[in-house]
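Here's a quick tour of a protein fold, one piece at a time. Keep the viewer open and click along as you read.

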Amino acid sequence: MAKAKKRYVCANCGSVTPRWQGQCGECGEWNTLTEDAPATVFSQKHDLSRGGRGIEFVPLNKPTELPVRKSTGLAEFDRALGGGLVPGSAVLMGGDPGIGKSTLLLQTAATIARGGNDVVYVSGEEAAGQVRLRATRLGVADAPIRLASETSVRDILTTLGSGEPPALLVIDSIQTMHSDTIEGAPGTVSQVRGCALELIRFAKEHGTALVLVGHVTKDGNIAGPRVLEHMVDVVMSFEGERSHQYRILRALKNRFGAVDEIGVFSMASEGLEEVSNPSMLFLSGRDQPLAGSSVFPALEGTRPVLVEIQALIVRLQSGATPRRAVVGWDNGRLAMLLAVLESRCGLNFSSAEVYLNIAGGYRLSDPAADLAVAAALVSALADKPLPDKSVWFGEVSLAGEVRPVSHSDLRVREAAKLGFALGFGPKDSKVQPSSLNYNPVGQLANLVDRVMRTA
């Protein structure tokens, strides 16, 4: 590339000279010459300050008709979405292979299609016959869905653009889509980003609700560029263990509703069934109180869910290295809690193996679970069950204090609704009087004393 030549422009008269000099040769002014970068062919071609069309700006309070949400026919799906699908929105759904993403979307598409809406289901992973076979098993083969097995985004958009735009477009999955304007195999970063951009643009321009299915990596993150999650309006995660019957649909990002809302489903032979009371699902099988078991009222969005926390303490011979195993909770937070119990409460876990499990395969991220986990650990260490029909919640600090958490009253009301009689939590919680007897706990040492005194 040729080196760009320097030039100097006079600030007074605008004359140009190839070299700097103290006095301008045109107007005679001193020290008015300044260096100026000459316009190159590249800058001329990429100057975006002119040549475009003007855009119209509108005020925020301009009267306009707001889009009406469209129900999916599944109350749990609507809850996670914030009330239903918004026309023109783009939803990205990720989840492990075989977790039930295609099953859920096929049931949803069938329900919306039976309501008199045009629904298009494009599968890039399965043949049309395989999708029809699943529809027959789910009992939705009679739904008027337009089904296709295609991976070319150009062919899909050309076909959809030749008629009325559909109310719902399902792409299963975005990693299988291919654009002939972009080099690379399907699933590469450029292909995923380019195909998603074209599909989202079509949805925005025509008011079509778009649902993209995304693959996940071994770490559980959606495969492809991270910018894909920024491009869409809603990011959903379909979680659960394939060995368990329950599935959780969680909203990680939602421009039209609250985040961290969940919908709970149960996998059956006829497809996914809604679970209206998930607390009963995660607490099933609790006949009598056992040592090392506590109940925690977790909060997912606006929904409280009662889950069981199980702990097991195994004493080892002197010199053996103890093991710490956690399922469904943060391993680092367990180590911190054990350190607080040893330092502030005088308990000894250094010569024992500690096993912690969240029953039902549920995954907890709520910091309010600290007190329930501590109660289960102390109960397992003392081999004494906790009080019957009791719930525990509260965040534990490094000083051993039990700190307030959000929505304490909502947690207590849900526990009372399910027949629990005792509640243990922070002192400063604003809990309204109810059928549940609430007992404030200020220090973690108070919890240890109460459990040790239990007969």
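Is Lys389 buried, exposed or partly exposed? Lys389 counts as partly exposed, because its relative accessible area is 44%, and that falls between the 20% limit for buried and the 50% limit for exposed. One thing to keep in mind before going on: this is a predicted model. The points below start with the loop that holds Lys389, then move on to helices, a few single residues and an unusual peptide bond.

**The loop between helix 10 and strand 17**

- Lys389 sits in the loop that runs between helix 10 and strand 17.
- Its backbone has a twist to look for: phi of Lys389 is near 55 degrees, which is a positive value in a residue other than glycine.
- Asp383 is found in that loop between helix 10 and strand 17 too.
- Asp383 isn't a glycine either, yet it has a positive phi of about 55 degrees.
- With 61% relative accessibility, Asp383 counts as exposed, because the cut-off for exposed is over 50%.

**Helix 5 and its two sides**

- Helix 5 covers residues 153-161, and its buried residues include Val153, Ile156, Leu157 and Leu160.
- Why do these residues end up on the same side of helix 5? They cover an arc of only 90 degrees around the axis, so they share one side.
- There's a handy rule behind that: an α-helix has 3.6 residues a turn, so residues three or four places apart point the same way.
- Flip to the other side of helix 5 and you'll meet Thr158 and Thr159, which are exposed.
- What do the buried residues of helix 5 pack against? Their partners are strand 5 (119-123), strand 6 (145-149), strand 7 (168-172) and helix 6 (189-206).

**Helix 5 meets helix 6**

- Two packed helices are described by the angle between their axes and the distance between the axes.
- For helix 5 and helix 6, the axes come within 11 Å and cross at roughly 10 degrees.
- Helix 5 and helix 6 are therefore roughly parallel to each other, since angles under 35 degrees count that way.
- On the helix 5 side, the contact is made by Val153, Leu157 and Leu160, while helix 6 brings Cys195, Glu198, Leu199 and Phe202.
- Sorted by class, this contact has 6 nonpolar residues, no polar ones and 1 charged one.

**Gln191, tucked into helix 6**

- Gln191 is part of helix 6, and with 0% relative accessibility it counts as buried.
- Which backbone atom does the side chain of Gln191 reach? It gets to the backbone nitrogen of Ser179, at 2.9 Å.
- Leaving aside neighbours within four places in sequence, the residues in contact with Gln191 include Met177, His178, Ser179 and Ile182.

**Helix 12 and helix 10**

- Helix 12 spans residues 444-453, and Leu444, Leu447, Val448 and Val451 are buried there.
- Those buried residues cover an arc of only 100 degrees around the axis, which puts them on the same side of helix 12.
- The cover over the buried residues of helix 12 includes helix 9 (331-345), helix 10 (370-382), strand 17 (390-392), strand 18 (395-396) and strand 19 (402-403).
- Ser379 is in helix 10, and its relative accessible area of 0% makes it buried.
- Setting aside neighbours within four places in sequence, Ser379 is in contact with Val451, and its other contacts include Leu290, Gly292 and Pro385.

**Arg134 and Asn357**

- Arg134 belongs to helix 4 (residues 128-138) and is buried, with a relative accessible area of 14%.
- How far apart in space are the C-alpha atoms of Arg134 and Leu106? They're 8.7 Å apart, with their positions 28 residues apart in sequence.
- Leaving out neighbours within four places in sequence, Arg134 is in contact with Ser102, Thr103, Leu106 and Glu126.
- Asn357 is in strand 16 (residues 352-358) and counts as partly exposed at 27% relative accessibility.
- Beyond its neighbours within four places in sequence, Asn357 is in contact with Glu308, Ile309, Gln310 and Val327.

**A cis peptide bond**

- Asp172 and Ser173 are joined by a cis peptide bond, with omega of about 5 degrees.
- Ser173 lies in the loop between strand 7 and helix 6.

Methods: Residues are numbered from 1 along each chain as its sequence is written. This is a predicted model: local features need pLDDT of at least 70, side-chain atom pairs count only at pLDDT 80 or more; totals for chains, interfaces and linings use all residues. Side-chain values use heavy atoms; hydrogens and water are left out. Buried means under 20% relative accessible area, exposed over 50%, partly exposed in between (1.4 Å probe, protein chains only). Helices (H or I, at least four residues) and strands (E, at least two) are DSSP runs, numbered from the N terminus. The arc is that of the directions from the helix axis to the C-beta atoms. Contact means heavy atoms within 4.5 Å. Axes are lines fitted to C-alpha atoms, for helices over the stretch in contact, and angles run from 0 to 180 degrees between N-to-C directions. Angles under 35 degrees count as roughly parallel, over 145 as roughly antiparallel, 65 to 115 as roughly perpendicular and the rest as oblique. Ala, Val, Leu, Ile, Met, Phe, Trp, Tyr, Cys and Pro count as nonpolar, Asp, Glu, Lys and Arg as charged, and the others, Gly among them, as polar. A polar contact is a pair of N or O atoms within 3.5 Å; within protein, one must be able to donate a hydrogen and the other to accept it, and residues adjacent in sequence count only if both atoms are side-chain atoms.
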